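Here is a protein to get to know, one piece at a time. Take a look at the structure, then read on for a guided tour.

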Amino acid sequence: MFEQLSGKMSGVLDGLSKNGKLSEADVTEAMREVRLAMLEADVALPVVRDFVNKVRERSVGQEVLESVSPGQAVAKIVNDALIDALGGAGAVPLNLSANPPVPVLMVGLQGSGKTTTSGKIALRLSGRENKKVLLASLDVQRPAAQLQLQQLAERVNAKTGRVQALPIISGQSPVQIAKRALETGRLEGYDVVILDTAGRLSIDEALMDEVREIRTLTKPAETLLVVDAMTGQDAVNTAKAFNEAVGITGVVMSRMDGDARGGAALSMKAITGAPIKLTGSGENLEALEEFHPERVAGRILGLGDVAGLVERAAETLDHEEGERVAKKMLAGKFDLDDYVSQIDQINRMGSISGILGMMPGLGKIKDMLGDKELDTSIFKRHKAIISSMTKQERKTPEIIKASRKKRIAAGSGTTVPEINRLLKQFNDMSTMMKRISKMGLGGLMRGMGG
Ligand code: GDP
C-alpha cells in the first residue's frame with residue numbers, strides 16, 4: 001500500500017532537503033507536488049486541501065524557513081500532518097472490556113472481506129489473548145455464508161482450540177440467531193461473540209434497518225465496518241453512510257495488500273470520524289494488523305516501519321523451527337526439507353513486497369516494481385518439485401541423477417532444467433553454509449570485510 005504516494009512524497013522531501021535554506025516559493029512548489037501526489041493516490045479532495053493548508057501554514061512560519069535545516073523541518077511537519085490525517089498517533093485498540101460474552105458486530109457490503117475478517121479477529125483474540133470466541137453468521141439470505149463461517153471457525157479452532165461456530169438452525173431470522181448466539185455465549189462461557197451480519201451489494205434501507213435492529217438488541221461493544229481498501233473513495237463513502245445510518249465504532253480496511261494508492265486510509269478519519277482499527281493484508285488468517293498512524297506515516301515518507309517488521313516477524317515466525325534449521329545450517333546438514341521450511345516461514349510473513357515496504361530505504365525497490373508483486377512463484381515451484389521427491393532424495397539430493405530428475409519433473413509438472421537450477425541453487429546454499437559453519441560467524445564477518 002501507499003507505494004505511489006510514498007515514492008512521490010519522499011521525492012518532494014528529498015528535493016527540499018538538498019536546497020539548504022528554503023524560500024516561501026520552495027515550500028509553495030513542494031506543496032503543489034504534495035497536493036498532486038495525494039490526489040493521484042485517491043485521497044479525498046477536502047482532506048488534501050486541509051492537509052496542504054496545514055503544512056503550508058506551519059512551514060512558512062519564520063522558525064522553519066530560518067532554521068538550520070529547513071528541509072528536515074518541513075519533513076517533520078509533513079510527517080505530523082500525515083499522522084493527524086491518519087487518525088493521530090497510536091493504534092486504537094478494540095474495546096472489549098464489557099462483561100463477557102462481549103458482542104462484536106461485523107457490518108459491511110458483500111465481498112468486502114467481512115467473513116474472512118471475522119475469522120482473523122477470532123484467531124487474534126483466541127490465540128494472542130487466550131479468549132474463547134463464538135462466531136455466528138446472521139446471513140440468512142445466503143445459506144453458503146453460514147457454512148463459510150462454520151468452516152472458517154473450524155480452521156481457526158484447529159490453530160487455537162478456543163473458537164466455535166454457532167450451530168446452524170435453518171429458518172431462524174437474523175434477530176433470532178443473534179439472541180441465540182448471545183444466549184449460547186452466556187451458557188457456555190464464551191468471552192466474545194462475533195456476529196457476522198449479512199452483506200448487500202450496495203447500501204439499502206432494508207440492510208440498514210436490519211443492522212440497526214440487531215445493534216439495538218445486542219448492544220455490541222464494537223460495531224466494526226469492514227471496507228475494501230481497493231475501492232478507494234467508495235470505501236470512504238460506504239463508511240460515511242454506515243456511520244450515519246447505524247453508527248460504527250471502528251473501521252477494518254481489508255485488501256491493503258492490493259491497494260497501492262492508500263487514499264481511502266488517508267481520508268477515512270477526516271470524512272467519517274471513525275478510526276481505522278485494523279487492516280487486512282492477505283487472504284490467510286494471520287494477515288490482520290493493528291493500524292498505527294505514526295508507522296504508516298513513516299512508510300509513506302519512505303522511513304520504513306521497523307517496529308512493524310519486528311512485530312510481524314515475532315508473531316508469524318516459528319522460533320523453535322527457526323532454531324532447529326539454524327542449527328542444521330551451522331552443522332552443515334541443511335537439506336531440502338529444511339529449505340521448504342524456510343520458504344514456509346517467509347510466506348507466513350505475508351507478501352514479499354509488503355515486507356520490503358517496511359524496510360527503511362527499500363521502499364525504492366518497491367517503486368521499481370510498480371504495482372507488481374515480487375515474483376514469488378519460484379518458491380511455489382520449488383515446493384512442488386521438492387514434494388515430488390522421495391524422502392531419501394530430500395535428505396541426500398546428490399543421488400538425484402537423470403532418471404530421477406525425469407520422474408520428479410513429471411510428478412511436479414516442471415522440467416528437468418528447472419530441477420537442475422533448484423539443485424544448483426541448493427548446492428550453492430549448502431556450500432555457503434558449510435563455509436560459514438567452518439569459519440564460525442566471526443570468521444564470516446572478517447571474510448566479508450576483507
Ligand atoms: P464478505 O462477503 O464480506 O464476507 O467477504 P469474504 O470474507 O467472503 O471475502 C471475499 C474475498 O476476499 C475472499 O476470497 C477473501 O479471501 C478475500 N479477502 C478478504 N480479506 C482480504 C485481504 O485482506 N486481502 C486479500 N488479498 N484478500 C482478502
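Is Ala153 buried or exposed? In this predicted model, Ala153 counts as buried because it has 23 C-beta neighbours inside 10 Å, and the bar for being buried is 20 or more. You'll find Ala153 in helix H7, which covers residues 143–160. Setting aside neighbours within four places in sequence, Ala153 is in contact with Leu135, Val163, Gln164 and Ala165. Asp139 sits 14 residues from Ala153 in sequence, and their C-alpha atoms are 16 Å apart in space.

Let's follow one of those contacts. Val163 belongs to strand E3, residues 163–165. Val163 is buried, since 27 other C-beta atoms lie within 10 Å. Leaving out residues up to four places away in sequence, what does Val163 touch? The list is Ala122, Ser126, Val133, Leu135, Ala153, Val156 and Asn157. Take Ser126 from that list: Val163 and Ser126 are 37 residues apart in sequence, while their C-alpha atoms are 6.9 Å apart in space.

Leu135 has a list of its own. With residues up to four places away not counted, Leu135 touches Ser118, Ala122, Leu149, Ala153, Val163, Ala165, Leu166, Ile194 and Asp196. So much for single contacts; now for the bigger picture.

Leu135 is also among the residues with the most contacts inside the largest nonpolar core, along with Ile194, Leu195 and Val251. That core has 91 residues. Which helix gives the most to this core? That's helix H5, residues 70–86, with eight residues. The core draws on two domains, taking at least three residues from each of domain 1 (3–86) and domain 2 (102–311). Apart from this core lies another one, made of eight residues, including Leu336, Tyr339, Ile385 and Ile386. As a general rule, nonpolar side chains in soluble globular proteins tend to be buried together.

Zoom out to the whole protein. There are 450 residues, and buried ones make up 40% of them. The secondary structure comes to 21 helices and eight strands. Among contacts with a separation of 6 or more, 75% are between residues 24 or more positions apart.

For a case at the exposed end, try Thr431 in helix H21, which covers residues 416–449. Thr431 is exposed because it has 11 other C-beta atoms within 10 Å, and exposed means 12 or fewer. Thr431 and Gly332 are 99 residues apart along the chain, and their C-alpha atoms are separated by 8.3 Å.

Next comes the ligand. How many residues are around it? There are 18, and Gly113, Lys114, Thr115, Thr116 and Gly280 come nearest. By class, the shell around the ligand has 13 polar residues, four charged ones and one nonpolar one. Helix H6, residues 114–127, supplies the largest share of the shell with three residues.

An unreviewed UniProt entry lists residues 275–288 as "domain: SRP54-type proteins GTP-binding". What does the chain look like over residues 275–288? The stretch is 43% strand and 0% helix, and its end C-alpha atoms are 16 Å apart.

Finally, some backbone oddities. Most residues other than glycine have a negative phi, and most peptide bonds are trans. Here are two residues with a positive phi, side by side.

| Residue | Phi | C-beta neighbours inside 10 Å | Status |
|---|---|---|---|
| Asn130 | about 60 degrees | 10 | exposed |
| Arg255 | about 55 degrees | 23 | buried |

Neither Asn130 nor Arg255 is a glycine. Asn130 lies in the loop between H6 and strand E2 (133–137), whereas Arg255 lies in the loop between strand E6 (250–254) and helix H11 (263–272). Why does Asn130 count as exposed? Asn130 has 10 C-beta neighbours inside 10 Å, and a residue with 12 or fewer is called exposed.

And which residues does a cis peptide bond join? The bond is between Pro100 and Pro101, with omega about -5 degrees. Pro101 is in the loop between H5 and strand E1 (102–108).

Terms used. Residues numbered from 1 in each chain as written. Predicted model: local features only at pLDDT ≥ 70, side-chain atom pairs only at ≥ 80, totals over all residues. UniProt positions renumbered as here; feature names shortened; annotations may be inferred. Helix = DSSP H or I, 4+ residues; strand = E, 2+ residues; numbered from the N terminus. Core = buried A, V, L, I, M, F, W, Y, C linked by C-beta atoms within 7 Å. Domains from an automatic or database assignment. Contact = placed C-beta atoms within 7 Å. Near = placed C-beta within 6 Å. Nonpolar A, V, L, I, M, F, W, Y, C, P; charged D, E, K, R; others polar.
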